[in-house]
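Visitor: I would like to learn how to read the features of a protein model, one at a time. Could you show me the structure and start with the charged side chains?

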Amino acid sequence: MFLEEFSSLLESLAVLPGKLLMTGDFNVHVDNEEDREAFLFSNLLQSFGLCQHITGPTHKKGHTLDLIISRDEDNPVTSPSVYWDMPSDHAAVKCYINIFKPGPSIKRVESRRLRDIDSETFIKGIQTSGLLQSSASDSETLVEQYNTTLLDILNQHAPVVQRSVVLRPHAPWYSDALRAAKQEKRRRERKWLKTDLTVHKQYYLDQCEHYRDLLNEAKTSYHRSQVEDTDQRNLFRVIDN
């Protein structure tokens, strides 16, 4: 049943554009060449031009169950490895993926500089407008007059300003120490670009390495604490998030 459903899934994925990467516990002993289900599973992957990257056991009983699968032609996976320091009978599988990091999303927002409005001039504009000098007699027209007149006056004193805002992903591990290290990195980069001296270039590269180490340490510490502070019931929910 699993192989039939998995085959149907691969058929639907095969026609989709883009790269393909599948991970998870497939519960198939792909390490056992005499296992009939594993043999059929491997043949199914080959027929769709797919490659399985994990070698060695991923379960405490000694079988390879947790897999990383990609298209042969894509070749996105490098350095697959298995880690056992997990509160589970399964190991964690890890790899590096050869893809470009997407650029930040940019959103156009509109705002008004309301604090720059001179209140006396603004009030005078309302007092001398047609809203007070020649108000409409019926309620529907008066509401329309209110809206258009006040909007025109507001546009005169605080016109709409458009600007681009970079939407950056939320990084809960980003700290003041990381921010300071990044600022120091940029300061050293400007110094090197200004002087073009080898010694300043080396100072900059040293700070880049220091910042990367701090960033990796902060990420690792944050995710480790998330896992350690979570009970078994909510563990997979934390990992998915």
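Guide: Let us begin with a term: a salt bridge is counted when a side-chain nitrogen of Lys or Arg lies within 4 Å of a carboxyl oxygen of Asp or Glu. Please keep in mind that this is a predicted model. One case is the pair Arg188 and Glu184, whose side chains meet in a salt bridge at 2.9 Å from N to O.

Visitor: Where do Arg188 and Glu184 lie with respect to each other in helix α6?

Guide: The two residues are 4 apart in helix α6, which spans residues 176–195, and so about one helical turn separates them. Arg188 is partly exposed, with a relative accessible area of 23%, and Glu184 is also partly exposed, at 22%. The pair belongs to a network of salt bridges that links Glu184, Arg187 and Arg188.

Visitor: How many salt bridges does the structure hold?

Guide: The general idea is that side chains of opposite charge can pair when their charged atoms come close. In this model there are 5 salt bridges. Among them is the one between Arg113 and Asp116, with a distance of 2.6 Å from N to O, in which Arg113 is exposed at a relative accessible area of 57%. Another joins the side chains of Arg71 and Asp74 at 3.7 Å, N to O.

Visitor: Are Arg71 and Asp74 buried or exposed?

Guide: Both Arg71 and Asp74 are buried, a term that stands for a relative accessible area under 20%.

Visitor: Let us turn to nonpolar side chains. Which residues have the most contacts inside the largest nonpolar core?

Guide: In soluble globular proteins, nonpolar side chains tend to be buried together. Here the largest nonpolar core has 15 residues, and those with the most contacts inside it are Phe6, Met22, Phe26, Phe41, Leu50 and Ile69. The elements that contribute two or more residues to this core are α1 (2–14), α2 (36–47) and β3 (66–71), and the largest share, 4 residues, comes from α2.

Visitor: I would also like to look at the backbone. Which residue in the loop between β3 and β4 should I look at?

Guide: Look at Asn75, which lies in that loop, ahead of β4 (77–83). Asn75 has a positive phi of about 50° although it is not a glycine. A second case is Ser79, again with a positive phi of about 50° and again not a glycine, but Ser79 is found in strand β4. With a relative accessibility of 48%, Ser79 counts as partly exposed.

Visitor: What should I look for on the surface, and which residues form a negative patch?

Guide: For such a patch, one looks for like charges within 9 Å of one another, on residues that have over 30% relative accessible area and no salt bridge. In this model Asp206, Glu209, Asp213 and Glu217 form a negative surface patch. Glu217 lies in helix α7, which runs over residues 198–228, and Glu217 is exposed, with a relative accessible area of 56%.

Visitor: How does Asn216 in helix α7 compare with regard to exposure?

Guide: Asn216, whose place is in helix α7, is partly exposed, with a relative accessible area of 46%. If you wish to trace a distance across the model, the C-alpha atoms of Asn216 and Ile106 are separated by 26 Å, and these two residues are 110 residues apart along the chain.

Key. Residues numbered from 1 in each chain as written. Predicted model: local features only at pLDDT ≥ 70, side-chain atom pairs only at ≥ 80, totals over all residues. Heavy atoms only, no water. Patch = residues over 30% accessible without salt bridge, like charges linked within 9 Å, V, L, I, M, F, W, Y side chains within 5 Å. Areas by Shrake-Rupley, 256 points an atom, 1.4 Å probe, with all protein chains shown as cover. Lys, Arg positive; Asp, Glu negative; His and termini not counted. Charge placed at Lys NZ, Arg CZ, Asp CG, Glu CD. Buried < 20%, exposed > 50% of the residue type's maximum accessible area, 1.4 Å probe, protein only. Core = buried A, V, L, I, M, F, W, Y, C linked by side-chain atoms within 4.5 Å.
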